[in-house]
Amino acid sequence: MPRPQRTHKMALMGWLRAGYARPLLFHKRKTFRKLPLLYCPHTHRKEVFPMLPILIVDDEPSIAQLIAMTLEPLGQPLIIAHDGERAADLLETQKFELCLLDIMLPQISGYELFSYINEYSIPVIFITARGELDDKRKAFRMGADDYIV
């Protein structure tokens, strides 16, 4: 049986988990490059990986900004949508590496948006305040990658 081809995302995650890699961050915000460099101190190699943005969908701006501030040091582009309709519009116009999704959204619920996101084969992590077992079960049965309360 042939060995599956290793993607850049798999390689990046493996290096980060093993502690062999760290993103190169610059002192001034304006000097971020479009393609972040990944430096492996053990092999002294620099690799360039094109990074797709992460979509953050949350109706509370303070929580969305907190998530963005937490992920910002990784150097990956982040896009925030405050409702399901805006997120659906963004999904139609560009590709995303990952979607962080809240369940309780105005206009379109997180579950409805999730079924729409599944058409694009984007990994989805639910980040929500709903911690009931039924909600978790429903999310995982629909195909969510993770559920964070």
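**Close-up 1. The exposed face of helix α3 in the predicted model.** Exposed residues E92 and T93 lie on the face of α3 turned away from its buried side. The helix spans residues 84-93, and its buried residues are G84, A87, A88, L90 and L91. These buried residues sit on the same side of α3 because they cover an arc of only 160° around the axis. They pack against three elements: β4 (54-57), β5 (78-81) and α4 (110-117).

**Close-up 2. Side-chain directions in strand β6.** In a regular strand, side chains alternate between the two faces of the sheet. Strand β6 covers residues 98-101; L98 and L100 point one way, while C99 and L101 point the other way. All four of these residues are buried.

**Close-up 3. Pairing of β6 with β4 and β7.** β6 pairs with β4 in the parallel sense, over four bridges. Strand β7 (residues 124-127) also runs parallel to β6, and three bridges join the two. C99 has L55 as its bridge partner in the pairing of β4 and β6. In β7, the residue opposite C99 is V124. Together with α4, strands β6 and β7 make a right-handed β-α-β unit.

**Close-up 4. The largest nonpolar core.** This core has 22 residues, and those touching the most other members are L55, V57, C99, L101, L113, I117 and F126. Two or more residues come from each of β4, α3, β6, α4 and β7. A second, separate core of nine residues includes I54, A68, L100 and I125. Thus C99 and L101 are in the largest core, whereas L100 is in the second one; in β6, L100 points the other way from C99 and L101.

**Close-up 5. Contacts of I117.** Apart from its neighbours within four places in sequence, I117 is in contact with L91, C99, L101, I122 and V124. Among these, L91 is one of the buried residues of α3, and C99 and L101 point to one side of β6. V124 is the residue of β7 that stands opposite C99. I117 is also among the residues that touch the most other members of the largest nonpolar core.

**Close-up 6. The surroundings of D135 in helix α5.** Helix α5 comprises residues 133-142, and D135 has its place there. D135 counts as buried because its relative accessible area is 9%, and buried means under 20%. Not counting residues up to four places away in sequence, D135 touches Y111, R130 and Y147.

How values were computed
Residues numbered from 1 in each chain as written. Predicted model: local features only at pLDDT ≥ 70, side-chain atom pairs only at ≥ 80, totals over all residues. Heavy atoms only, no water. Buried < 20%, exposed > 50% of the residue type's maximum accessible area, 1.4 Å probe, protein only. Arc of directions from axis to C-beta. Contact = heavy atoms within 4.5 Å. Pairing = 2+ DSSP bridges. Right-handed = clockwise from strand over helix to strand, strands pointing away. Core = buried A, V, L, I, M, F, W, Y, C linked by side-chain atoms within 4.5 Å.
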